[in-house]
Amino acid sequence: MNPNAESIVVALVGFATAICLVLVYARVLRHADLLDPVVIFSVFLVIFVVPLPLRTLFTLQIKGDVTPHLPALLPYMAEAIWWTTAAYIAFALAYWSGLGRTLASIFPHPPILRGHRPLGAAAVILFVSLVLLITLGGGLAGIGDLILLGYASSAKTFGRGYLAVGFPWLIVSLLFLFYMYATHRTTRWLVYGLVGSAVLASMYLIMGNRSLVMYLLIALILFVHVQIRSFSKKQLLVLTVCGFVALNVYGFLRSSNYTSLTGYFHSTGNTLQLLQQSGKLDKGLYYTLTNGEFAVPFETMPQMIQSVGNTVPYQYGKTFLQAPLFFVPSALFPNRPLPLTNWYMNTFYGKTAGLNHGRAFFFLAEGYLNFGPIGVLLVGIMWGLYLSAIAEYRRRGIGNPGTAMIYSLAVAFIPRQIAGSFVTLLVALPEQSLGAAVIGIVAASLGAGWVWRLRVQRQQ
């Protein structure tokens, strides 16, 4: 039985009330789109915050990825929810403050690729991706071997992330096919894009990398919605529910070290049959919310409240200032500071954990680690300005597929950023997607100038 159940319930109600008020304000008074950054951020914030404290109201059983430290964290759970609520309110105020519109003027809009130039951009990114992956796999055949490692492929890429970016860069290459369709409206480009999407999704599923599948799906939906044809509420609901259920179920089915594609299908089919016979398949519909990855990151928030200032010293901005160091590959900088996910694992789970093992670190927990409650509010404000600038950037670039691509890639990264530190926003986003988009556009446009919309308007 949870002795802190009452305080947690009250905190959850407060959090839910804040979420509802902000979303109602966004939709009714601000006429925000269903795929507006504030809506997507709010939905994923709920998904990452609510599962763990809500679970404690029904069971304290340590199962799956649920932290064994849960009993010790219960007294701090309600406080963690309240500070998250306060940060969310600060986020909303910053989002609609108007400062985001000013920040949007900092980012230039890419030149529109005419003719077959989007194919050139796709080819450039595809070529670079293959070179990186061939180097990672030790040859062309090594890419296939790497994919067939399945869920174990993540260990193979540890310490070689500068090469593994070839996998997410393939998503950027694919988006240029949809860019081609957006500018030409020729059916064959849409068909090529859909076939490419199926191929990439299948490859990521074999690897057991559901985060890349989710990133691919969200980026595609956003780009199509913004640049090609907007989705209806019903279509978005169906896509969301089907995608969530499918990725949850697949988490039960994925495995490692397949001998071939035939072996992959055989192993997956056998696992599915066993789950059906045992009656456990229904748990696969929602296990990420109860025992899986959505129940992991938020544990770091009450843990920081319990530990910072006691067993763990305040960092006073150190982790934020160190973030640019992660642009340098660990292979070239072996003494680089540990990512917070590894630092947290070593600090609270024992230093015997390998560096390729970690716990997702909630983005607001980093604020608390550095400056306590003030840090949580500052991170909330920073996120409000950041997403407001992205939304304004999209509005100013209406009709520009390059702007739509950059916007889609950035917004699709929100789930990973919520379950990550400042490094995820500052380093991972540009390295794993935005950098590839910029390279492709610059190469295909032959270095044509980018445009700052505010400057153009002032000249007019």
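This passage describes helix packing, salt bridges, surface exposure and backbone geometry in a predicted model.

Residues are numbered from 1 along each chain as its sequence is written, and side-chain values use heavy atoms, with hydrogens and water left out. Because the model is predicted, local features need pLDDT of at least 70 and side-chain atom pairs count only at pLDDT 80 or more, while totals for chains, interfaces and linings use all residues.

Helices are DSSP runs (H or I, at least four residues) numbered from the N terminus. Helix α10 (residues 166–184) packs with helix α12 (residues 210–228) at an angle of about 20°, and their axes are 11 Å apart. The arrangement of α10 relative to α12 is therefore roughly parallel, a term for angles under 35 degrees. Axes are lines fitted to C-alpha atoms, for helices over the stretch in contact, and angles run from 0 to 180 degrees between N-to-C directions. The crossing of α10 and α12 is right-handed, that is, the near helix is turned clockwise from the far one by less than a right angle.

Exposure was assigned by relative accessible area: buried means under 20%, exposed over 50%, and partly exposed in between (1.4 Å probe, protein chains only). Helix α19 (residues 363–371) is mostly covered, with eight of its nine residues buried. Among the buried residues of α19 are F363, L364, Y368 and L369, and E366 and N370 also belong to this group. G372, just after α19, takes a positive phi of about 70°.

A search of the whole structure finds four salt bridges, each defined as a side-chain nitrogen of Lys or Arg within 4 Å of a carboxyl oxygen of Asp or Glu. Side chains of opposite charge can pair when their charged atoms come close. One of the bridges joins E293 to R210, with the closest N and O atoms 2.4 Å apart. This pair links distant parts of the chain: R210 belongs to helix α12, and E293 to the loop between α15 (287–290) and α16 (300–307), 83 residues apart. R210 is buried, with a relative accessible area of 6%, whereas E293 is partly exposed, at 31%.

A salt bridge is also formed by E299 and R359, at 2.4 Å from N to O. E299 lies in the loop between α15 and α16 and R359 in the loop between α18 (340–349) and α19, so this bridge ties together parts that are 60 residues apart in sequence. Both E299 and R359 are buried.

Within helix α20, the side chains of E392 and R396 meet in a salt bridge (2.9 Å, N to O). These two residues are separated by about one helical turn because they are four residues apart in the helix. E392 is buried, with a relative accessible area of 10%. R395 joins E392 and R396 in a network of salt bridges.

Helix α20 (residues 373–396) also contributes to the surface, supplying three residues, the largest share of a nonpolar patch. The patch is formed by Y314, Y316, F371, I374, L378 and I381, which together have about 590 Å² of accessible area. Patches are made of residues with over 30% relative accessible area and no salt bridge; like charges are joined within 9 Å, and nonpolar side chains (Val, Leu, Ile, Met, Phe, Trp, Tyr) within 5 Å. Accessible areas come from the Shrake-Rupley method with a 1.4 Å probe, and for residues only the protein chains shown count as cover. I374, a residue of helix α20, is exposed at a relative accessible area of 52%.

Two residue pairs relate sequence separation to distance in space. R55, in helix α3 (residues 51–56), is buried, with a relative accessible area of 8%. R55 and T290 are 235 residues apart in sequence, and their C-alpha atoms are 6.5 Å apart in space. L57 lies in the loop between α3 and α4 (70–95) and is partly exposed, with a relative accessible area of 28%. L57 and F176 are 119 residues apart in sequence and 47 Å apart in space, C-alpha to C-alpha.

Positive phi values also occur in residues other than glycine. H31 has a phi near 55° and is found in the loop between α1 (5–29) and α2 (37–49). At 65% relative accessibility, H31 is exposed. For R185, phi is near 55°; R185 is found in the loop between α10 and α11 (187–206) and is partly exposed, at 42% relative accessibility.

Note on methods:
Angles under 35 degrees count as roughly parallel, over 145 as roughly antiparallel, 65 to 115 as roughly perpendicular and the rest as oblique.
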